[in-house]
Amino acid sequence: DVRKKLEEAAENKAKVETENAVIDKVIENAEFDLPDAMVETQIDNSVRDFAQRLSYQGMNLDMYMQYTGMTMDALRAQFAEQAKKQLSGSLVLEAIQKAEGIEAGPEEVELELVDMSKKYNMELDKLKELLGDAEKESIKKDLEIQGLFFRLQKSARRGSGGSGTMELTLEAVALFALKLVHETDDGSPLL
C-alpha cells in the first residue's frame, strides 16, 4: 500500500513537471502583452496567499517585513515575475482550450467526484455537500486542463508524422501548442 502510494506520487510529480515544462516552453515562444491591471491583481493574490501561509506559522505580513527589512514594494516586486508567468500560462492554456473546444461535461465532473469520494472514503452525497460551487468549478477546470494536455500530446504525436510509437518530445508538444495559440481555423490570432 505504501509502495503504491509512493509510485502514484512519483507518477503525479512527473506528470506535473512535464505539464509545467510544456507551459514554460509555450510561454517562452508566445508573444503577447499582459495588461498591467491583470498583473497587479495577480500580485495582490500572491501577496494575500503569502500572508495566509505566514499566518499558519503564527506570523503576519507586517512582522515578516519588519524581520526581513523588506518593504511592501520590494515584496510585490518579488512576486511580479511569478505573477506574469502564471498569467501567461493561464492565457495560453485558455486559448488552446478554446481553440480545441475542450470542455468537461457534468458526467466527467460526476465521475471525478465519485473517484474523490472513494479516495477519501466518504459518501458521494456528503462530499457534494462539502464542496461549494467554486470547488466544483475548480474540479471542472482541472479536468479540462487534463483533457487539454492529453489532446496536445496526442496531436503532437500525430503532427510529428509519427505513428504514435515515437518518443514524444517537449518541443513537439510546445510547437503544436504554439500553433494553436497563434492561429484559429480562419488564421486569426487567438492572443
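**Close-up 1. Y64 counts as buried in this predicted model, at 18% relative accessibility.** The cut-off for buried is under 20% relative accessible area, and F50 also counts as buried, at 15%. Together, F50 and Y64 make an aromatic pair with edge-to-face geometry. Their rings sit 4.9 Å apart, centre to centre, with 80 degrees between the planes. F50 belongs to helix α2 (residues 36-56) and Y64 to helix α3 (residues 61-68), so the pair links parts that are 14 residues apart in sequence.

**Close-up 2. F50, Y64 and F79 form one aromatic cluster.** Searching the whole structure turns up two aromatic pairs. Step away from F79 by more than four places in sequence, and its contacts are I43, S46, V47 and F50.

**Close-up 3. The largest nonpolar core has 15 residues.** Which of them touch the most other members? Here they are: I43, V47, F50, L61, Y64, L75 and F79. Helices α2, α3 and α4 each give two or more residues to this core. The biggest contribution is from α4, with six residues. There is also a second, separate core, made of eleven residues, and V26, I27, I102 and L148 are among them. As background, nonpolar side chains tend to be buried together in soluble globular proteins.

**Close-up 4. M65 is a buried residue of helix α3.** Its relative accessible area is 12%, so M65 falls under the 20% cut-off for buried. Not counting neighbours within four places in sequence, M65 is in contact with M70, T71, M72 and L75. For one of these, L75, there is a backbone distance to go with the contact: the C-alpha atoms of M65 and L75 are 8.4 Å apart, and the two residues are ten apart along the chain.

**Close-up 5. S88 sits in helix α4.** Is S88 buried or exposed? It counts as buried, with 8% relative accessibility. Once neighbours within four places in sequence are set aside, the contacts of S88 are I27, F32 and L34. I27 has turned up already, as one of the residues in the second, separate core.

**Close-up 6. The largest pocket has a volume of about 560 Å³.** Its lining is made of 19 residues, and the ones closest to the centre are I23, G89, S90, L93 and I145. Three helices each supply at least two lining residues: α1 (2-29), α4 (72-100) and α7 (133-159). Which helix gives the largest share? That would be α4, with nine residues. Sorted by type, the lining of the largest pocket comes out as four nonpolar, seven polar and eight charged residues.

**Close-up 7. The second largest pocket holds about 480 Å³ of space.** Here 14 residues do the lining, and E8, N12, E112, K119 and Y120 are the closest to the centre. Two or more lining residues come from each of α1, α5 (106-119) and α7. By type, the lining of the second largest pocket splits into four nonpolar, two polar and eight charged residues.

Definitions and conventions:
Residues are numbered from 1 along each chain as its sequence is written. This is a predicted model: local features need pLDDT of at least 70, side-chain atom pairs count only at pLDDT 80 or more; totals for chains, interfaces and linings use all residues. Side-chain values use heavy atoms; hydrogens and water are left out. On a 1 Å grid over the protein atoms alone, a cavity is a set of points where a 1.4 Å probe fits but cannot get out, and a pocket is an open set with protein on both sides within 12 Å along at least five of seven lines; lining residues have an atom within 4 Å of a point. Grid points are joined across faces, edges and corners, and a volume is the space filled by probe spheres set on the points. Helices (H or I, at least four residues) and strands (E, at least two) are DSSP runs, numbered from the N terminus. Ala, Val, Leu, Ile, Met, Phe, Trp, Tyr, Cys and Pro count as nonpolar, Asp, Glu, Lys and Arg as charged, and the others, Gly among them, as polar. Rings of Phe, Tyr and Trp (its six-membered ring) pair if their centres lie within 6.5 Å; planes under 30 degrees apart count as stacked, over 60 as edge-to-face and the rest as tilted. Buried means under 20% relative accessible area, exposed over 50%, partly exposed in between (1.4 Å probe, protein chains only). A nonpolar core is a set of buried Ala, Val, Leu, Ile, Met, Phe, Trp, Tyr and Cys residues joined through side-chain atoms within 4.5 Å. Contact means heavy atoms within 4.5 Å.
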